Amino acid sequence: MASSCLSFNASVSPNHDLFRRHPSSPLLRHRPVLVSCTSPADGNNTTTPIETVVKPRRTENTIRDDARLQRSTAANPFSARYVPFNAPPGSSEHYSLDEIVYRSRSGGLLDVEHDMEALKRFDGAYWRDLFDSRVGKSTWPYGSGVWSKKEWVLPEIDDDDIVSAFEGNSNLFWAERFGKKFLGMNDLWVKHCGISHTGSFKDLGMTVLVSQVNRLRKMKRPVVGVGCASTGDTSAALSAYCASAGIPSIVFLPANKISMAQLVQPIANGAFVLSIDTDFDGCMKLIREITAELPIYLANSLNSLRLEGQKTAAIEILQQFDWQVPDWVIVPGGNLGNIYAFYKGFKMCQELGLVDRIPRMVCAQAANANPLYLHYKSGWKDFKPMTASTTFASAIQIGDPVSIDRAVYALKKCDGIVEEATEEELMDAMAQADSTGMFICPHTGVALTALFKLRNRGVIAPTDRTVVVSTAHGLKFTQSKIDYHSKAIPDMACRFSNPPVEVKADFGAVMDVLKSYLGSQTLRS
């Protein structure tokens, strides 16, 4: 006979006393339903998380409508605000996230500070379970890899104001063959952040920023549009999310310095695109001046809201390893906001008890745009901006990074390392990775080059669990791959090129070519 089950409103928690202390928690509505099941055969009573027992009937409602119906009336205990980055103890300067502010009174960077005491009212096991319970769902907005961590990202925004493409939840790829063949490693992973809505990790931060702009516009704040300087990926993400929300987007691009695939994205999404005869740093200078005069919201990583979304990739990595901490995480660095975002995600998980340590981090730069690397090699002495030279890793072709202070802080805190990659090194590494089944961007080639160097020096051991962050999809950089495999890059050997073989449409000619390729020994076998 089937068991009889009676469902009741409760929440899965490794610590049920926690919920007795917090009966009005707004998180309860997002937890699996518990079902008390009594089996007539043995009389045992067990409580198990079964989400499929009580299924809502299909209606004409959208997922936003369903989210409104399930919304709790309990007060939200979580909050966040802007504070000066790395402010001294006793600093009282802070701003609401609803203010349009990018710098502190002293001109320094801002950071988003969460009410950690409120978050600590729930233990690490609770947060792990909550975040895991949302993965792969279509519940608005928690199906997103970013908004599944909403309480840690933008806790006070209304779900109706969120602009999301259910970004995040990107693949953690076990680079088994690459690791074994080229590095003697068996625990190497690549976090494919480029498998996202617009093909780069920038989606993670842009969903947060554009959602906040959507909220500000509904509050009748003076925001006529959103603008950014970009080397490609930022403009793609900004234009897509703004188009989804019906918000004008303005993009400053350095002329003739980004790939056609990157250029076409903001154009296709309806952005107002300005192609400017300068480099990224020049575009950044202009957009900052423009947004100081016009009611255009600045979307570059100077704006710390972006980093709140980007930090969720670090939390995802921990989730994907079942909350085990990797030994190393290697991140390509240009404007340097992402290295701090990853550190912040790992650090929040440690502080809130989800994990007991954080990984060591490596920031990898192209040698043609390596101001952080030079700063690191000098022993963190006076930082000197540079004029970046052309690099195939065009998204990190930045000589005066906005987030230099954030990056240095993060690397010092995690005993981090900075490495560089020449153009030939990064292109070779990209080709080697592609030859084992990946299809990565040149920036990932920079990170893999850093891994090669650290393995060769014995810094990273063959058994160390290592994650390389891939920041964009390889399809955005097909021309560089074509040039490499055609051996059309001046002064580059292109050692791992694989050009097509031209052959006549003749059976004998094709057989000869195939026999030569396969080898007589293979054919005999």
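Colleague: Taking helices (H or I, at least four residues) and strands (E, at least two) as DSSP runs numbered from the N terminus, where do Asp65 and Arg68 lie?

Modeller: Both are in helix α2, which spans residues 63-69. They are 3 residues apart, or about one turn of the helix. This is a predicted model, in which local features need pLDDT of at least 70, side-chain atom pairs count only at pLDDT 80 or more, and totals for chains, interfaces and linings use all residues. Residues are numbered from 1 along each chain as its sequence is written, and side-chain values use heavy atoms, with hydrogens and water left out.

Colleague: What do Asp65 and Arg68 form?

Modeller: They form a salt bridge, with the closest N and O atoms 2.5 Å apart. The term requires a side-chain nitrogen of Lys or Arg within 4 Å of a carboxyl oxygen of Asp or Glu.

Colleague: Is Asp65 buried or exposed?

Modeller: Neither label applies: Asp65 counts as partly exposed because its relative accessibility is 22%. Buried means under 20% relative accessible area, exposed over 50%, and partly exposed in between (1.4 Å probe, protein chains only). Arg68 has a relative accessible area of 39%, so Arg68 is partly exposed as well.

Colleague: Now the strands. How do β4 and β5 pair?

Modeller: Strand β4, residues 80-84, pairs with β5 in the antiparallel sense over 5 bridges. Pairing here requires DSSP to find at least two bridges between the strands. Within this arrangement, Val83 has Asp111 of β5 as its bridge partner.

Colleague: How many residues of β5 are buried?

Modeller: The count is 4 of 5, so strand β5 (residues 110-114) is mostly covered by the criterion of under 20% relative accessible area.

Colleague: And which side chain meets Glu113 in a salt bridge?

Modeller: That of Arg81, at 3.0 Å from N to O. This pair links distant parts of the chain, since Glu113 belongs to strand β5 and Arg81 to strand β4, 32 residues apart. Glu113 is partly exposed because its relative accessible area is 33%. Arg81 also counts as partly exposed, because its relative accessibility is 34%.

Colleague: Are Lys311 and Glu308 buried or exposed?

Modeller: Lys311 and Glu308 are both buried. Their side chains meet in a salt bridge with an N to O distance of 2.6 Å.

Colleague: Which residues do shared salt-bridge partners join into one network?

Modeller: The network consists of Asp65, Arg68, Arg71, Asp158 and Asp160. The pair within α2 discussed earlier, Asp65 and Arg68, therefore belongs to this network.

Colleague: How many salt bridges does a search of the whole structure find?

Modeller: The search finds 23.

Colleague: Changing topic, why is α4 largely enclosed?

Modeller: Helix α4 covers residues 124-134, and 8 of its 11 residues are buried, so the rest of the structure largely encloses this helix.

Colleague: Which residues of α4 are buried?

Modeller: They are Gly124, Ala125, Tyr126, Trp127, Leu130, Phe131, Ser133 and Arg134.

Colleague: And what is the phi of Gly136, which follows α4?

Modeller: The phi of Gly136 is positive, near 80 degrees.

Colleague: Last item: where is the place of Val501?

Modeller: Val501 sits in the loop between α18 (478-485) and α19 (507-518). Val501 counts as exposed because its relative accessibility is 60%.
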